[in-house]
Amino acid sequence: MDKFMKGLEEKLLPIADRIGRISFLTALGATFQILLPVIMIGSFACLGAFMPVDGWQAFIAGNGLNMAFMTTQSLTLSIIGLYIAFVLPYQYAQRLGMKPLGPAITAFMSFLLITPTELYTNIPEQWLGYAGMFTVLIVSWLNVKLCQVCEDRGIYVHMPESVPPMVEESFKTLVPGIISAVVSIAIQTFMAGTAFGCVHQVIYSLVQTPLQNVGLSYPGYLLIQILSTLFMFCGIHGNTIFGTISPLTLAASAENLEAFQAGLPLPHIIIDSFSVMCQPGGIGGTLGLAFLCAFVAKSQQLRTLGRIAAVPSIFGINEPLLFGIPIILDPLLFIPYVLNPIVCTTLSYLVYATGLVPRLTGTVVNWAMPQVLSGFLAQGWQSALWQVVLIAITTAIWFPFFKIVDGRLSAAEAEEA
């Protein structure tokens with residue numbers, strides 16, 4: 001086991017370090033964190049507008065709340081790509097050591113120019129939402145890199161020293177802005193004459209949809225859960241790996257919400273909120289362990305730690321346990337720590353795939369939402385009850401390993417006393 005753990009650490013740490021150094025991925029993760037309030041507000045507005053409860057529908061129709069909900073949803077979740085088109089290049093440029101405002105505006109302009117419009121009338125909402133997500137990613141990366149190349153090689157309008165820095169910075173992005181505008185207009189003009197109609201459709205058909213079929217499959221998603229757990233076990237936060245799949249899960253959430261509000265079958269099993277079913281209490285599924293430490297442990301160390309860690313664990317924060325027991329790099333606790341997310345992900349996929357529990361509606365639930373409540377918000381009482389079952393299962397998996405650790409610590413404390 002020691003040899004295995006050493007090999008695991010030697011192989012995983014370099015991979016995790018490389019992923020953590022990819023500026024675009026860290027910028028993407030930061031973008032979704034920044035926009036989480038917008039995503040959640042839009043999700044709950046959609047749920048409020050289309051919740052299939054007769055009494056509720058009659059209530060909101062009678063006082064005009066249905067229009068308020070739908071307006072909120074249409075100006076948040078339905079055009080989330082528009083928000084990302086500015087925040088992502090800003091975050092990316094910042095991580096490349098650039099003044100971020102100019103590249104962000106250039107990328108935002110390019111995204112709008114490459115999007116088909118009805119002149120002076122309308123921009124189709126379809127491509128401003130998750131369907132245009134990968135176009136946003138590509139346009140953001142290309143525009144920021146263009147600005148970086150122009151800045152590094154001095155290809156910009158040089159101003160006299162007497163000009164204020166803000167004016168000089170704005171002129172730095174003039175050349176890449178012109179290049180970007182010309183290329184974007186040329187691409188959109190060309191694509192308008194093809195069967196696709198726009199570059200968004202090309203990317204959606206040839207890139208986004210195939211990636212969803214892989215990343216949102218059971219094997220693909222299970223691999224993400226396992227890698228996040230292994231990274232965390234080696235001391236590198238598992239959110240490093242989740243950032244790579246967020247565009248796919250959020251797009252799937254939007255598609256489920258759209259089907260939900262139309263009264264159609266929900267197309268996806270795995271969406272963004274599916275994650276709250278996979279690791280109750282934080283990465284490694286440690287909520288049950290926190291309760292065992294707080295209420296069952298004979299060791300004073302574990303009992304005290306459990307009472308401290310129980311409340312944060314309810315909200316998915318389990319660092320007190322990871323570093324306090326510690327779980328991290330402990331060969332014995334590696335087994336339940338990695339086994340729990342595998343069991344929870346597998347069982348959750350099965351219950352949703354078979355219809356035993358209705359599929360998640362597409363409401364985006366923050367990972368820090370308390371267990372049981374998060375399941376209720378993601379779908380209803382059935383998912384809340386399923387979370388209770390998962391907590392019981394993960395507690396049972398932790399129990400024999402907890403007893404070993406508790407026995408060792410109790411014996412050590414008795415000997416010391």
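Here are two short exercises on the empty spaces in this structure.

The model is predicted, so keep in mind that local features need pLDDT of at least 70 and side-chain atom pairs count only at pLDDT 80 or more, while totals for chains, interfaces and linings use all residues. Residues are numbered from 1 along each chain as its sequence is written, and side-chain values use heavy atoms, with hydrogens and water left out.

**Exercise 1.** Work out which residues line the largest cavity and how they divide by class.

*Solution.*
- Start with the search: on a 1 Å grid over the protein atoms alone, a cavity is a set of points where a 1.4 Å probe fits but cannot get out, and lining residues have an atom within 4 Å of a point.
- The whole structure gives 1 cavity of 30 Å³ or more, and the largest cavity holds about 40 Å³ (the space filled by probe spheres set on the points, joined across faces, edges and corners).
- Its lining is Leu289, Cys293, Leu302, Ile325, Leu333, Trp398, Phe402 and Val405.
- Now sort them: 8 are nonpolar (Ala, Val, Leu, Ile, Met, Phe, Trp, Tyr, Cys or Pro), none polar and none charged (Asp, Glu, Lys or Arg; the others, Gly among them, are polar).

**Exercise 2.** Describe the second largest pocket by volume, central residues and class.

*Solution.*
- A pocket is an open set with protein on both sides within 12 Å along at least five of seven lines.
- This one comes to about 390 Å³.
- It has 16 lining residues, and Ser78, Gln126, Tyr130, Ala254 and Glu258 are the closest to its centre.
- Count by class and you get 7 nonpolar, 6 polar and 3 charged.
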